[in-house]
Amino acid sequence: MNSTPSQSIQTEPACYEVRRSTIHGNGVFATRDIEPGEQIAEYTGERITSDESAVRADAGGGPVNHTFFFSLADGMVIDGGRGGNDSRFINHACEPNCEAQEDEGRVFIYALHPIMRDEELKYNYALIYEERHTPAVKKAFECRCGAPTCTGSMLAPKKRKRARAG
């Protein structure tokens with residue numbers, strides 16, 4: 001299998017650092033004020049196939065979406081846990097202050113609105129989980145962002161199947 005790390009070119013010192021988070025584990029925090037629309041980081045790591053990501057998730061003993069995997073439009077996956085940078089520690093939130101945008105197979109994190117120094121960086125994961133959303137699955141993907149509009153889940157809502165006209 002050929003896999004290559006995605007490369008990040010950073011010309012300025014990072015505007016963030018990793019610290020313990022009240023949301024979950026490690027989080028990423030602004031070291032200075034960040035302007036809306038500012039590119040904060042590139043999500044980097046080893047580029048692998050989605051099949052390989054499933055193998056790695058099984059080997060890690062958890063669901064495929066409980067990893068540092070970032071799925072790309074072409075079906076490939078960036079494994080931020082292998083050769084990735086600190087952006088892999090950006091936590092999920094239902095009221096995000098950042099968003100991830102894919103550009104030609106690369107993923108960049110941008111500020112949605114002003115972010116103050118020491119504020120935690122967050123984006124909405126909107127994870128796709130094809131299997132049934134059982135209580136156990138919902139618990140595994142529980143959101144702890146604490147936002148007033150928190151949905152309680154890092155999962156994207158399942159698309160409803162339309163009833164056939166009959």
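1. Let's start with a pairing that is easy to find: β5 and β6 run antiparallel to each other, held over three bridges. One of the contacts across this pair sets F69 against D79 in β6 as its bridge partner. The two strands make a hairpin with four residues between them, and G75 in that turn has a positive phi of about 90°. Please keep in mind as you read that this is a predicted model.

2. β6 also has dealings with β4. These two strands pair in the antiparallel sense over four bridges, and T49 stands opposite M76 in β6. Strands of a sheet pair through backbone hydrogen bonds, in either a parallel or an antiparallel way.

3. Now for the helix that sits with these strands. Which residues of helix α1 are buried? In α1, which spans residues 50-60, they are E52, S53, R56 and A57. They cover an arc of only 140° around the axis, so they lie on the same side of α1. That buried set packs against β4 (46-49), β5 (69-71) and β6 (76-79). The face turned away from the buried side carries D51, V55, D58 and A59, which are exposed.

4. It may help to step back to the whole chain. The protein chain has two helices and 10 strands, and along the sequence they follow the pattern β-β-β-β-α-β-β-β-β-β-β-α. Of its 166 residues, 39% are buried. Among contacts between residues at least 6 apart in sequence, 67% join residues at least 24 apart. The exposed surface comes to about 10,300 Å², with carbon and sulfur atoms supplying 49% of it.

5. Another sheet deserves a look. In what order do the strands of the open four-stranded sheet come? The order is β1-β2-β10-β7, and the pairing is mixed. β1 (16-20) and β7 (91-92) stand at the edges with a single partner strand each, so one side of each has no neighbour in the sheet. Inside this sheet, β2 and β10 pair in the antiparallel sense over two bridges, with V28 placed opposite L121 in β10.

6. L121 is worth clicking on for its contacts as well. Leaving aside residues up to four places away in sequence, L121 touches Y16, V28, A30, I34, I40, I90, N91, N97, C98 and I115. A second core lies apart from the one described next; this other core has 10 residues, among them A93, C94, M154 and L155.

7. The largest nonpolar core has 20 residues. Which of them have the most contacts inside this core? They are Y16, I34, I40, C98, I115, L121 and Y123. The elements that give two or more residues to this core are β2 (26-30), β3 (39-43), β9 (106-111) and β10 (120-123).

8. β9 takes part in a hairpin too. Strand β8, residues 98-103, pairs with β9 in the antiparallel sense over six bridges, and D103 stands opposite R106 in β9. Two residues separate the strands of this hairpin, and E104 in the turn has a positive phi of about 50°.

9. Finally, the aromatic residues. The count comes to four aromatic pairs. One of them is F70 with Y123, a tilted pair at 6.4 Å centre to centre and 45° between the planes. This pair links distant parts of the chain, since F70 is in strand β5 and Y123 in strand β10, 53 residues apart. The rings of Y123 and Y125 have their centres 5.3 Å apart with planes at 55°, so this pair is tilted.

10. Are these rings buried or exposed? F70 is buried, with a relative accessible area of 17%, and Y123 is buried at 7%. Y125 counts as partly exposed because its relative accessibility is 26%, and the buried class stops under 20%. Y43, F70, Y123 and Y125 together form one aromatic cluster. Y123 is therefore a good residue to view in both settings, being in this cluster and among the residues with the most contacts inside the largest nonpolar core.

Note on methods:
Residues numbered from 1 in each chain as written. Predicted model: local features only at pLDDT ≥ 70, side-chain atom pairs only at ≥ 80, totals over all residues. Heavy atoms only, no water. Buried < 20%, exposed > 50% of the residue type's maximum accessible area, 1.4 Å probe, protein only. Arc of directions from axis to C-beta. Contact = heavy atoms within 4.5 Å. Core = buried A, V, L, I, M, F, W, Y, C linked by side-chain atoms within 4.5 Å. Pairing = 2+ DSSP bridges. Areas by Shrake-Rupley, 256 points an atom, 1.4 Å probe, with all protein chains shown as cover. Phe/Tyr/Trp six-rings, centres within 6.5 Å; stacked < 30°, edge-to-face > 60°.
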